[in-house]
Amino acid sequence: MAIAPEAERPARPEESLPHPEITYIGCTRCGTQIAGLDGRYACAGCGWVNDWSEGHGPLPETGRPG
Ligand SMILES: [Zn+2]
């Protein structure tokens, strides 16, 4: 039987299907080392969150009204 694996999955799944990258930063308010996704952080210790625009990429769409 003929199998064409190239046709079933892309050559570079990492590029065709971008996924969030785990990044770390020291909280600018309390200094706790916190982990985030794509440059977006939320500190569980003091509640500090960085601005969404500081992220490495655009926010995923959650659906638009209309
Ligand atoms: Zn903090």
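This section describes a strand hairpin and one residue that follows it in a predicted model.

Strand E1 covers residues 22–26 and pairs with strand E2 in the antiparallel sense. The pairing runs over five bridges. Among the pairs, Ile-22 of E1 stands opposite Leu-37 in E2, and Gly-26 has Gln-33 of E2 as its bridge partner. Together, E1 and E2 form a hairpin, with six residues lying between the two strands. In the turn, Gly-31 has a positive phi of about 85°.

The burial of E1 was examined next. A residue is counted as buried if 20 or more other C-beta atoms lie within 10 Å of its own. Of the five residues of E1, zero are buried, so the strand lies largely in the open.

Strand E2 was considered face by face. In a regular strand the side chains alternate between the two faces of the sheet. In E2, the covered face is made up of Ile-34 and Gly-36, while the uncovered face holds Gln-33, Ala-35 and Leu-37. Two residues of the uncovered face, Gln-33 and Leu-37, also appear in the pairing with E1, Gln-33 with Gly-26 and Leu-37 with Ile-22.

Beyond the hairpin, Asp-51 is located in the segment after strand E2, which spans residues 33–37. Asp-51 has 7 other C-beta atoms within 10 Å and is therefore exposed, the cut-off for an exposed residue being 12 or fewer. Asp-51 is separated from Arg-40 by 11 residues in sequence, and their C-alpha atoms are 7.4 Å apart in space.

How values were computed. Residues are numbered from 1 along each chain as its sequence is written. This is a predicted model: local features need pLDDT of at least 70, side-chain atom pairs count only at pLDDT 80 or more; totals for chains, interfaces and linings use all residues. Helices (H or I, at least four residues) and strands (E, at least two) are DSSP runs, numbered from the N terminus. Two strands pair if DSSP finds at least two bridges between them.
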